[in-house]
Amino acid sequence: MSQTSVGSDRQVPLERIRNIGIIAHIDAGKTTTTERILFFTGRTYKIGEVHEGAATMDWMAQEQERGITIVSAATTTFWTPYFESHLPKERYRFNIIDTPGHVDFTAEVERSLRVLDGGITVLDASEGVQSQSETVWRQADKYNVPRICFVNKMDKLGADFFATVEDIRVKFGVKPAPMVLPMGAENDFLGVIQLIERKALFWKDHEADTEPETREIPEEYKAKVEELRAQLVESIAETDDALMEKFFAETEISIQELKVALRKAVIGYKLVPVYAGSSLKNTGVQPLLDAVVEYLPSPTDIEHIEGTLPKSEEKVTRKLVPEEKMSALAFKIQTDPHVGKLTYVRIYSGSVQAGSYVYNSIRGTKERVSRLLLMHANEREEIQEAKAGEIVAMVGLKETRTGDTLCDQASPIVLEGINFADPVIYLAIEPKTKADQEKMGVALGKLTEEDPTFTIKVDHETGQTIIGGMGELHLEILVDRMKREFKVAADVGAPQVAYRETITKECHGEGKYIKQSGGRGQYGHAVIDVTPLDRGTGYEFDNKITGGAIPKEFIEPINKGIKESLERGFLAGYPMSDLKVELNDGSFHEVDSSEMSFKMAGSMAIKDAVKSAGMVLLEPVMQVEVTTPEIFMGDVIGDLGGKRAQIQGTTTRGVAVIIKALVPLAEMQGYVTTLRGMTQGRASSVMLPSHYEIVPQSITEKIIEARKGFEARNRVS
């Protein structure tokens, strides 16, 4: 098996390109599956194992130490269909992104799905569809990404293919199409039977270089194969009128017809093919790779992408071909120690050359593409041109950020961007020495460029730098990266929950800022009504001024003054959200009014309004899923009950019980350690952000007191 140099031999027709992502719950085996794909496609000589810290795609030191994926890694490889296919038996180019499974790195999944055409969802055969699998599935739904499922770990204790298929049906709300029948399970797992082709594939000894051996279907499986094949044929026929007629007429439907119809059904989100195997034992990977070729879309299947004209809602489209005007989406920024800032882009239409200029339609700037790189995890290969359908890294872009559109200046377009979740946890960070101060600023700046869910702010009361992220692990990794990559020594405080403030009643406020101290004065006057909004809505501003009571140029300064005040909060110093402000009235002075005076008036008006608004504190509530042996179920539920949890239910799978609950994040710090101690290390848990809820009054009072004490201590020091 020869290792391929992809740069020199990478050009294949658009219809033979597949931009795919590997997505799943943590520990389902995504990275192991990707490593097998790289080996079987000839991209690597040796299989890298996650448990040995040698996986190609997990190239960061932190990933190798922890055995988890933190950043999405991109690679390009090639595959020629292994079995008989209804598509040409030619080389197909796969641009693959291996995404993290841990919820703390949800931004990596979100940005990857935005630019992919298809996805492989990896599921653990003994665990079924887990909570984070549901989250990434919904993320893929948002971007209409067709998927196939791979039920991995068929050799694991408790593996159950059909229970997992039922999970896919119920929890994902889709119609699964099992494409294989596993022969055996756990220690007796021997291989799979392909239902459409009626062929049994056996893998012997599971050595790295063994190919599947095709045999006749064993006698004991023949009846089950015919039953499942009939169900599969019916499912496919239901998606195609011509096949439906044949099905009812009981006319034989050819393999070719079934595969063509299934491809359309997958791309149209009507069916989800399900495969099975064990990536660790190198079993079932070749049929999965063939499925990527046969059923997942190429850029030509999508035909065109829709965007808008800059500063306008007018819709424009681009055909996904190299002959079109150039359009691309920047989906990831990475700081590389050798070449500086790398901007990962998906090129949707047209082409781009190294040394040319592109136009950033979001920022209105021209950027020079000094180099184009084809990425393989953290290795790179220089290329001179990239065309529609490719995923490449650009060097030299200075202003471009995640979610920005790059295009031809003469024919601009703004593509749909990428939305990211708000941080749920914060901690204070301080440089250890004066020399670290400047280095820390640079490091934090580069890390926020890379990760849109990582935020920095300064607490004006205490002067501390506060960093925010999606969880304790997220912030722990980022602080570790600062120390290793940027050589910054820093002290960090204990994690703080990202509380918010809001109002429960409608209220009215007025702000009048008048200052006269010789010479020109200051005059601003604003009258507002404030209304509570639904949870998660954020902040809305509505200008209801008529008749020129306040000139247009002073409206935005009022909004700015209100927003800045809301950011500081009024109850316990946390940002306010979920409210609507209507600007109804006000007045101005011909000479003394200025943007500054109206900004102050806006700030004073909101401060006046919230006095009678019934202010409350909101806290992030997490969806917690604990998998535990049944013997410890009572202890785990009892412990969660003491953490203000709402138990939503329990389900049994094999010898384990899965407990689902909603728990305030404030109660969950250090929970993994507590759970291990309680269950002799045999239970595991996953936390996902769910929603914000009002904090009980007794706890609100304690939080306000703690905040006041904290600020007082910092003022003294």
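Confidence. I looked up the pLDDT of this predicted model first. The protein chain has an average of 84, and 88% of its residues score at least 70. I then asked which elements mark the two ends of the scale. Confidence is lowest in helix H2, residues 61-66, with a mean of 41, and highest in strand E11, residues 272-276, at 97.

Weak stretches. I noted that residues 44-72 have a pLDDT below 50, and that this stretch has 96 contacts in the model beyond near neighbours in sequence. Residues 101-105 also fall below 50; I recorded 25 contacts for them beyond near neighbours in sequence. I keep in mind that predicted coordinates should not be read in detail where pLDDT is low.

Overall make-up. I find 17 helices and 38 strands in the protein chain. Of its 717 residues, 55% are buried. I also checked how contacts are spread along the sequence: among those between residues at least 6 apart, 73% join residues at least 24 apart.

Surface. The accessible surface of the protein chain is about 30,500 Å². I record that 49% of this area belongs to carbon and sulfur atoms.

Methionine patch. Which residues form a nonpolar patch on the surface? I find Met-596, Met-600 and Met-604, which together have about 240 Å² of accessible area. I located Met-596 in helix H14, which covers residues 595-609. Met-596 has a relative accessible area of 46%, so I enter this residue as partly exposed. With that value, Met-596 passes the cut-off of over 30% relative accessible area that patch residues need.

Methods. Residues are numbered from 1 along each chain as its sequence is written. This is a predicted model: local features need pLDDT of at least 70, side-chain atom pairs count only at pLDDT 80 or more; totals for chains, interfaces and linings use all residues. Side-chain values use heavy atoms; hydrogens and water are left out. Helices (H or I, at least four residues) and strands (E, at least two) are DSSP runs, numbered from the N terminus. Buried means under 20% relative accessible area, exposed over 50%, partly exposed in between (1.4 Å probe, protein chains only). Contact means heavy atoms within 4.5 Å. Accessible areas come from the Shrake-Rupley method with a 1.4 Å probe; for residues, only the protein chains shown count as cover. Patches are made of residues with over 30% relative accessible area and no salt bridge: like charges are joined within 9 Å, nonpolar side chains (Val, Leu, Ile, Met, Phe, Trp, Tyr) within 5 Å. A salt bridge is a side-chain nitrogen of Lys or Arg within 4 Å of a carboxyl oxygen of Asp or Glu. pLDDT is the predictor's confidence in each residue, from 0 to 100.
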